[in-house]
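Subject: Structure for your review

Dear colleague,

Please find below the structure that I am handing over to you. My findings follow it, arranged by region of the chain.

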Amino acid sequence: MATRVLQSSCSGLYQAKHGHFTAVIRDRYVYCISIKTQSWCCFRGLSASNNRNREDSWFKSLFVRKVDPRKDAHSHLLAKKEDNNLYKIQFHNVKPECLEAYNKLCDEVLPSIHRDGHYPCELVGTWNTWYGEQDQAVHLWRYRGGYPALTEVMSKLKNNKEFLEYRQERGKMLLSRRNQLLLEFSFWNEPVPRDGPNIYELRSYQLRPGTMIEWGNYWARAISYRQHNREAVGGFFSQIGNLYMVHHLWAYKDLQSREDTRNAAWQHEGWDEVVYYTVPLIQHMESRIMIPLKGSPLQ
């Protein structure tokens, strides 16, 4: 009944059906009707778009997206095949009064592990959060050889007296800590040391479960729009820890450079579509502006 009334009263409507719902769109308003109960509701859609394809895509994004069945793990489809790199990102929340001592301790110990060929790992970067969570340190490690390399490093560090003393002293300075194990997207740059001074932005996205492939498909094209100022440092997705988590790491000369670079991306044809179609995939997102410590390879 509700469907007939709505159809008869509104000529020229755009219609779409999805499962137990049917919808009509007119003048940026969406009328959703339950086929089962014949009840309906109305709400305002996205502003300023007369493109019917975009309306259809936006309407479909309201529902759970279905990823095509795959015969392989997402990590095999998205990660680099030629490298067997595993990354670990650490977030340490430091007591405010201990931050200076904590940084000094990290600068003394972490680079020495990085330089020691006995350990199949590399310190990619180490930072303090400038804007975002305060009194926080972020460390990013790379293990060449994947999980076996991680296991080897952890085993050897148990016999490293300097590292054990570092962990004991560090524990007195921390409020909390957490980590994640990550793989790098195949279409992103591999992080390499760079000269400074730079500021770094870590943008973290909690995706809706089941949308990682879709995210990767869009960003495989989008990353080309963000390479002109060498701002793209690395892109990663989680394997252990918070799942369906994506981290994009960017470098800028300063905050104004960040603003100018991000605004310039909108001048490239196709960037607006990437933003438009990836936003519905995100459950939560966070941005950190970070300053590298003295011992960080990324300066």
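The chain has 9 helices and 12 strands. Please note that this is a predicted model. Of the 299 residues in the chain, 49% are buried. Among contacts with a separation of 6 or more, 75% are between residues 24 or more positions apart. The accessible surface amounts to about 16,000 Å², and carbon and sulfur atoms account for 51% of that surface.

The nonpolar cores

The largest nonpolar core contains 56 residues, and Phe 185 and Trp 215 have the most contacts inside it. Helix 4 supplies the largest share of this core, with 7 residues. Another core, of 16 residues, lies apart from it and includes Phe 91, Leu 140, Tyr 200 and Met 290. As general background, nonpolar side chains tend to be buried together in soluble globular proteins.

Helix 4

Helix 4 covers residues 99-115, and its 17 residues should span 24 Å at 1.5 Å a residue; the end C-alpha atoms are 24 Å apart, so the expected and computed values agree. The helix nevertheless bends by about 25° at Cys 106. Cys 106 is itself one of the buried residues of helix 4, together with Leu 99, Tyr 102, Asn 103, Leu 105, Val 109, Leu 110, Pro 111 and Ile 113. In an α-helix there are 3.6 residues a turn, so residues three or four places apart point the same way. The partners against which the buried residues of helix 4 pack include four strands by name, namely strand 5 (85-94), strand 6 (121-131), strand 7 (136-144) and strand 8 (174-184), as well as helix 5 (147-157) and helix 6 (161-171).

Helix 7

Helix 7 (residues 212-222) is mostly covered, with 8 of its 11 residues buried. The buried residues are Met 212, Ile 213, Glu 214, Trp 215, Gly 216, Tyr 218, Trp 219 and Ala 222. Trp 215 has already been mentioned for its contacts inside the largest nonpolar core.

Strand 10 and its neighbours

Strand 10 (residues 232-240) is largely enclosed by the rest of the structure, because 7 of its 9 residues are buried. Strand 8 and strand 10 run antiparallel and are joined by 4 bridges; Leu 181 has Ile 240 of strand 10 as its bridge partner. Strand 10 also pairs with strand 11 (residues 245-252), in the antiparallel sense and over 5 bridges. Here the bridge partner of Phe 236 is His 247, in strand 11. The hairpin of strand 10 and strand 11 has 4 residues between the strands, and Gly 241 takes a positive phi near 110° in it.

Backbone features in the loops

Two residues other than glycine deserve a look for their positive phi values. Tyr 244, in the loop between strand 10 and strand 11, has phi near 55°. Its relative accessible area is 27%, so Tyr 244 is partly exposed. Arg 230, in the loop between helix 7 and strand 10, has phi near 60°. With a relative accessible area of 52%, over the 50% cut-off, Arg 230 is exposed.

There is also a cis peptide bond, which joins Gly 196 and Pro 197 with omega of about 5°. Pro 197 is placed in the loop between strand 8 and strand 9 (199-207).

With kind regards

Methods: Residues are numbered from 1 along each chain as its sequence is written. This is a predicted model: local features need pLDDT of at least 70, side-chain atom pairs count only at pLDDT 80 or more; totals for chains, interfaces and linings use all residues. Side-chain values use heavy atoms; hydrogens and water are left out. The expected span of a helix is 1.5 Å times one less than its number of residues. The bend at a residue is the angle between axes fitted to the seven residues ending there and the seven starting there. Buried means under 20% relative accessible area, exposed over 50%, partly exposed in between (1.4 Å probe, protein chains only). Contact means heavy atoms within 4.5 Å. Two strands pair if DSSP finds at least two bridges between them. A nonpolar core is a set of buried Ala, Val, Leu, Ile, Met, Phe, Trp, Tyr and Cys residues joined through side-chain atoms within 4.5 Å. Accessible areas come from the Shrake-Rupley method with a 1.4 Å probe; for residues, only the protein chains shown count as cover.
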